[in-house]
Amino acid sequence: MRSIPQLACEHSLFTGQFYLDELSEMKTMKNLVLLLSCLLLTTTTQLLPAQSLNVGIEPAFPNLRIARPIVVTHAGDQSGRIFVASQLGTIYTFDNSSDVEEATVFFDHSAKVMYKDKENEEGLLGFAFHPHYAKTGEFFLFYTAKEDDHVSVISRFRVSKDDAGKADVTFEEELLRVPQPFWNHNGGTIEFGPDGYLYIALGDGGKGGDPFKNGQNLATLNGTILRIDVDNRSGDRNYAVPQDNPFIDVAKARPEIYAYGFRNVWRFSFDRKTGTLYAADVGQKLWEEINIVTKGGNYGWNLREGKHAYEDGSGPKPELIEPIFEYHHDIGKSITGGVIYRGKSVPALNGMYVYADYVSGNIWALEHKATGKVIANHSISNLNDSGENLPIITFGEDEDGEVYLTTQMGGGQIFKFKSGAEK
Ligand SMILES: [Ca+2]
């Protein structure tokens with residue numbers, strides 16, 4: 001039997017999508033009461049055992065605010081600088097010092113980026129430096145184009161020849177332009193793999209339930225993780241397709257596809273030690289999931305949701321790869337995928353996959369073996385000064401592997417992990 005708070009959660013705030021807007025607008029008393037009910041629910045009906053680690057979070061740069069800080073990364077150029085992309089379309093940079101008060105603008109692309117609070121799965125969503133940035137000066141963005149309705153663009157940019165602190169505002173070279181049928185489920189993560197290729201996550205195109213069945217369709221780029229070679233070109237493309245991409249010889253399949261069957265990967269990452277690719281896929285109705293992604297893999301959507309049939313989709317099959325971990329919507333309703341912690345400041349997290357739920361605000365560290373076998377899912381305290389969980393929108397790393405997590409609340413703040421859970 002379902003409790004009243006649970007029904008309220010499902011029917012008002014949360015219906016299984018990626019709800020940036022509802023939370024950011026959660027200002028009325030009615031909604032606050034509802035949120036408290038939902039948070040209470042998440043603490044009383046956890047279905048999975050969660051051991052608590054003696055780990056918490058704290059502001060990494062207490063005096064700094066950046067609106068909707070959607071990507072945190074570094075240039076890999078030994079400069080130690082941190083770069084933060086705002087979802088509104090601007091990239092900021094600052095020295096990695098806890099007392100920093102102001103970030104400088106590295107690149108303002110907001111004139112070409114579409115972002116609206118009401119359609120807030122769009123905007124500047126992905127940002128990655130070339131793995132040899134110090135030599136090439138190149139970086140890449142995934143953003144929603146302003147001049148067209150619901151189009152994702154992945155482009156190459158470069159640093160100014162005269163100023164290492166500024167991008168060259170005259171240069172943009174488009175690599176891919178992907179029409180999206182709806183405003184939600186764009187995916188948006190871009191990262192270079194240990195093989196030097198650029199990986200790109202694209203959601204199923206949106207609405208709900210994957211109405212066009214893009215997840216299982218290799219002829220569309222939606223619902224996939226792509227892999228492209230940005231250092232070479234072929235045909236009329238500003239990139240090349242790696243010759244060992246898995247579907248390169250499959251009729252009608254898009255050769256850029258590396259893995260498919262995803263609903264809306266919200267953050268994938270490579271373990272900087274092992275190179276393993278982890279992808280968190282946001283669920284539709286009941287299950288959020290964490291996957292280890294391998295070349296050519298089919299991750300099940302929309303036949304499977306987590307380790308379950310989605311509606312009348314499919315039972316388990318060897319060709320539909322199951323997540324290594326899932327959690328139910330009683331616990332959280334929109335996963336924010338993180339990274340394998342390889343930093344030095346919090347040894348207790350070493351080798352664990354740190355991640356969060358955007359809606360419930362829970363943060364966890366998934367302890368597991370290289371095979372994906374889960375040992376424990378540890379809770380990490382996420383309570384701000386007001387005693388509320390913050391919605392976490394992304395995770396990122398600095399050059400040394402220290403991990404950051406961000407929220408759009410309070411003007412846009414960046415946190416880091418600390419040993420000790422007390423405030
Ligand atoms: Ca799946």
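In the predicted model, D148 is located in the loop that connects β7 to β8 (151-158). The residue counts as exposed because 11 other C-beta atoms lie within 10 Å of its own, and the cut-off for the exposed class is 12 or fewer. The C-alpha atom of D148 is separated by 8.8 Å from that of M114, a residue 34 positions away along the chain. The strands on either side of this loop form a hairpin with 6 residues between them, in which H150 adopts a positive phi near 55°. β7 and β8 run antiparallel and are joined by 7 bridges, with Y143 opposite V153 of β8.

The hairpin belongs to an open sheet of 4 strands, arranged in the order β6-β7-β8-β9 with antiparallel pairing. β6 (124-129) and β9 (173-179) occupy the edges; each has a single partner strand, so one side of each lacks a neighbour in the sheet. Neighbouring strands are turned against each other by 15° on average, direction ignored. On one flank, β6 pairs with β7 (residues 138-144) in the antiparallel sense over 5 bridges, and F129 has F139 of β7 as its bridge partner. On the other flank, 6 bridges connect β8 with β9, again in antiparallel orientation; here S155 is bridged to E174 of β9. In general, the strands of a sheet pair through backbone hydrogen bonds, in either a parallel or an antiparallel arrangement.

Another open sheet of 4 strands has the order β14-β15-β16-β19, and its pairing is also antiparallel. Its edges are formed by β14 (265-270) and β19 (325-328), each with a single partner strand, so one side of each is left without a neighbour in the sheet. The twist from one strand to the next averages 15°. Within this sheet, β15 (residues 277-281) and β16 (residues 287-293) run antiparallel and are joined by 5 bridges. One of the residue pairings places I292 of β16 as the bridge partner of Y278.

Pairing was also examined for β26 (residues 413-419), which is joined by 5 bridges to β1 (residues 55-59) in an antiparallel arrangement. In this pair, I57 stands opposite F417 of β26. β26 additionally pairs with β25 (residues 403-407), in the antiparallel sense and over 4 bridges; the bridge partner of L405 in β26 is F415. β25 and β26 form a hairpin with 5 residues between the strands, and G410 in its turn has a positive phi of about 65°.

Over the whole chain, 4 helices and 26 strands are assigned. Of the 423 residues, 49% count as buried. Among contacts between residues at least 6 apart in sequence, 57% join residues at least 24 apart.

The largest nonpolar core comprises 101 residues, among which I200, I225 and V354 touch the most other members. When neighbours within four places in sequence are left aside, the contacts of I225 are Y199, I200, A201, Y258, A259, F262, V265, F268, A279 and V293. Of these contacts, V265 and F268 fall within the residue range of edge strand β14, whereas A279 falls within that of β15 and V293 within that of β16. In soluble globular proteins, nonpolar side chains tend to be buried together.

Definitions and conventions
Residues numbered from 1 in each chain as written. Predicted model: local features only at pLDDT ≥ 70, side-chain atom pairs only at ≥ 80, totals over all residues. Core = buried A, V, L, I, M, F, W, Y, C linked by C-beta atoms within 7 Å. Buried ≥ 20, exposed ≤ 12 C-beta atoms within 10 Å, placed from the backbone. Contact = placed C-beta atoms within 7 Å. Helix = DSSP H or I, 4+ residues; strand = E, 2+ residues; numbered from the N terminus. Pairing = 2+ DSSP bridges. Axes fitted to C-alpha atoms, helices over the stretch in contact; angles between N-to-C directions.
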